[in-house]
Amino acid sequence: MAGGGLAVASAGGEQFEAKITPIVVISCIMAATGGLMFGYDVGVSGGVTQMPDFLKKFFPVVYRKSTEPGIDSNYCKYDNQGLQLFTSSLYLAGLIATFVASYTTRRLGRKLTMLIAGFFFIVGVVLNTAAEDLPMLIIGRILLGCGVGFANQAVPLFLSEIAPTRIRGGLNILFQLNVTIGILFASLVNYRTAKIEAGWGWRLSLGLAGIPAGLLTVGAIFVVDTPNSLIERGRIEEGKAVLRRIRGTDNIEPEFQELLEASRVAKEVKHPFRNLLKRKNRPQLVIAVAMQVFQQFTGINAIMFYAPVLFNTVGFGNDASLYSAVIIGAVNVLSTLVSIYTVDKIGRRVLLLEAGVQMFLSQVIIAIILGLKVKDHSEDLSHGYSIFVVIMVCTFVSSFAWSWGPLGWLIPSETFPLETRSAGQSVTVCTNFLFTFVIGQAFLSMLCHFKYGIFLFFSGWVLIMSVFTLFLIPETKNVPIEEMTERVWKQHWYWKRYIEDNDHDAEAAVSNKVGPANGNGFDPASQL
């Protein structure tokens with residue numbers, strides 16, 4: 001289309017005129033920095049907890065167990081609650097911050113919420129980089145977690161409101177792609193800083209998180225708030241001016257009127273969380289919560305958090321374990337690109353079910369190899385077997401990256417109706433943070449007690465979630481959000497009973513209100 005213009009579909013199917021303007025491009029860059037920040041925080045922790053100088057300073061007991069052979073089981077070298085708290089505290093803080101961010105996003109706007117996130121990120125990075133003791137280190141991680149909570153609430157909402165409809169789906173997975181790039185970047189940084197002999201490599205690893213944090217903050221300063229947010233807060237004319245600016249056209253009246261109507265409807269929903277619990281919203285709520293729980297119980301974050309530690313546990317050297325983590329990060333990025341290309345072509349269910357088979361088999365094979373070759377105080381993992389373990393982990397990561405990774409966020413975002421979408425997003429994010437915290441805090445202890453069985457534990461969950469997908473997750477490919485009820489939920493063999501029961505209740509209420517048919521046999525309720 002000439003001039004980069006494209007049509008933006010309204011909720012009712014009408015096409016709005018819009019162009020991809022510079023401000024939309026800036027928004028994409030913001031998505032990249034927000035995703036990079038989140039991904040870098042996920043990836044950096046596993047690498048620094050592998051660095052001897054970091055362990056010696058903050059976790060001397062772990063350092064002694066990891067360097068002196070025979071003290072503890074191979075599987076228990078890194079079993080330490082403080083070490084796990086360093087990783088998982090970020091997600092507990094993010095969980096709590098999400099509740100506050102939900103309020104600030106609505107009352108103060110998306111832009112200010114992103115600025116708050118940037119502030120938390122920068123302060124957290126400074127504390128982590130300059131940390132002299134464990135409390136200072138944990139406080140820094142908690143502040144980073146607050147930044148993650150605010151950013152994950154505001155940035156996706158900002159993007160969905162400012163972007164033309166046709167590229168919203170791509171931006172959704174693009175955010176996940178940049179999370180994977182952040183993880184890869186952290187792995188590369190850790191691989192290089194681990195070679196710094198002066199002992200401050202871990203500080204450089206933690207400090208480089210300031211780059212995406214600074215970019216997110218600067219970006220939030222220069223962008224405008226979304227028209228939706230401005231109109232929602234009563235700044236009608238300013239919202240209209242911003243809409244004209246981001247769409248690159250003067251023909252904005254149809255979209256502007258729809259935003260006004262959407263704002264009016266949203267204000268009529270006085271208790272969105274209470275509305276979310278109604279029977280008619282049960283299918284969307286159950287699927288959103290279940291997908292976040294299942295996403296964590298694939299074991300993916302355990303592997304991404306602790307990949308270097310995990311490989312060191314099964315007999316890789318320090319350099320080899322960090323190098324293997326870089327390979328996994330690269331596979332993660334490339335496989336997310338597969339999802340972007342295929343999700344709207346072959347559908348959500350096909351990706352989820354195929355990935356279930358691939359994840360299950362790869363984890364069972366890893367468990368068998370470790371069970372046969374890695375004992376408590378000895379390991380017989382040859383070079384060939386080591387490479388095969390890395391290949392199996394990459395097989396697992398690739399299948400997750402084109403399925404449960406991006407789709408765990410995409411499917412809930414496209415199934416909640418307008419009146420519960422904000423509340424549904426909050427529940428989705430909170431559930432994800434809660435179970436990420438649980439896995440992050442428990443994984444090294446589980447590895448110590450379950451040993452190779454940890455992979456059988458996660459493969460069992462993969463089997464459960466695949467059965468759940470087969471029977472209870474409907475296909476939403478190419479279904480407009482406003483038609484989801486009629487074309488998806490009312491057609492599903494199980495979930496339709498919740499929608500039909502709600503329709504019957506509504507009809508009964510109307511009949512009671514209007515009364516029985518009059519003497520002429522005319523039933524007014526039949527005309528409603």
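**Close-up views of the predicted model**

**View 1. A salt bridge between Glu-486 and Lys-490.** With a relative accessibility of 46%, Glu-486 counts as partly exposed, and this residue belongs to a model that is predicted. The side chain of Glu-486 meets that of Lys-490 in a salt bridge, with an N to O distance of 3.0 Å. Lys-490 has a relative accessibility of 23% and therefore also counts as partly exposed. Elsewhere, Lys-57, Glu-132 and Arg-203 are joined into one network by salt bridges that share partners.

**View 2. Salt bridges between helices, shown by the pairs Glu-232 with Arg-110 and Lys-240 with Glu-253.** The structure holds 10 salt bridges, among them the one between Glu-232 and Arg-110, whose closest N and O atoms are 3.4 Å apart. Because Glu-232 lies in helix H10 (residues 227–232) and Arg-110 in helix H5, this pair ties together parts that are 122 residues apart in sequence. The two partners fall into separate accessibility classes, since Arg-110 is buried with a relative accessible area of 5%, whereas Glu-232 is partly exposed with a relative accessible area of 28%. In the other pair, the closest N and O atoms of Lys-240 and Glu-253 are 3.1 Å apart. Lys-240 is placed in helix H11 (residues 236–247) and Glu-253 in helix H12 (residues 253–268), so this salt bridge ties together parts that are 13 residues apart in sequence. Glu-253 counts as partly exposed, its relative accessibility being 35%.

**View 3. The disulfide between Cys-76 and Cys-448.** A search of the whole structure finds one disulfide, which is formed by Cys-76 and Cys-448 with their sulfur atoms 1.9 Å apart. The torsion about the S-S bond of this pair is about 90°, so the disulfide is right-handed. The link joins distant parts of the chain, 372 residues apart, with Cys-76 in the loop between helix H3 (60–67) and helix H4 (81–107) and Cys-448 in helix H20 (residues 421–450). Both Cys-76 and Cys-448 are buried. Two further cysteines are also buried, namely Cys-146, which has a relative accessibility of 16%, and Cys-394, for which the value is 10%.

**View 4. The nonpolar cores and the surroundings of Trp-404.** The largest nonpolar core comprises 123 residues, and the members that touch the most other members are Val-48, Phe-54, Phe-59, Phe-86, Phe-121, Val-397 and Trp-404. Helix H6 (residues 134–162) gives the most to this core, contributing 13 residues. When neighbours within four places in sequence are left aside, Trp-404 is in contact with Met-291, Phe-294, Gln-295, Leu-352, Met-359, Met-465, Thr-469 and Ile-473. A second core of five residues, separate from the largest, includes Leu-276, Leu-285, Phe-416 and Ala-423.

**View 5. A nonpolar surface patch and the buried residue Gln-358.** Val-357, Leu-361, Ile-365, Ile-387, Phe-388 and Ile-391 form a nonpolar patch on the surface, and together these residues have about 490 Å² of accessible area. Helix H17 (348–373) and helix H18 (383–401) are the elements that give two or more residues to the patch. Leu-361 has its place in helix H17 and counts as partly exposed, with a relative accessibility of 47%. Gln-358 is likewise found in helix H17, but its relative accessibility is 16%, which falls under the 20% limit, and Gln-358 therefore counts as buried. Not counting residues up to four places away in sequence, Gln-358 touches Thr-395, Ser-398, Ser-399 and Trp-402.

**View 6. Gly-118 and Ala-151.** Gly-118 lies in helix H5 (residues 110–129) and, at 0% relative accessibility, counts as buried. Gly-118 and Ala-151 are 33 residues apart in sequence, and the distance between their C-alpha atoms is 7.9 Å.

**View 7. The backbone at Lys-451.** Lys-451 is a residue other than glycine with a positive phi, the value being near 55°. This lysine lies in the loop between H20 and helix H21 (453–472). Its relative accessibility of 24% makes Lys-451 partly exposed.

Technical notes
Residues are numbered from 1 along each chain as its sequence is written. This is a predicted model: local features need pLDDT of at least 70, side-chain atom pairs count only at pLDDT 80 or more; totals for chains, interfaces and linings use all residues. Side-chain values use heavy atoms; hydrogens and water are left out. A disulfide is a pair of cysteine sulfur atoms within 2.5 Å. Helices (H or I, at least four residues) and strands (E, at least two) are DSSP runs, numbered from the N terminus. Buried means under 20% relative accessible area, exposed over 50%, partly exposed in between (1.4 Å probe, protein chains only). A nonpolar core is a set of buried Ala, Val, Leu, Ile, Met, Phe, Trp, Tyr and Cys residues joined through side-chain atoms within 4.5 Å. Contact means heavy atoms within 4.5 Å. Patches are made of residues with over 30% relative accessible area and no salt bridge: like charges are joined within 9 Å, nonpolar side chains (Val, Leu, Ile, Met, Phe, Trp, Tyr) within 5 Å. Accessible areas come from the Shrake-Rupley method with a 1.4 Å probe; for residues, only the protein chains shown count as cover. A salt bridge is a side-chain nitrogen of Lys or Arg within 4 Å of a carboxyl oxygen of Asp or Glu.
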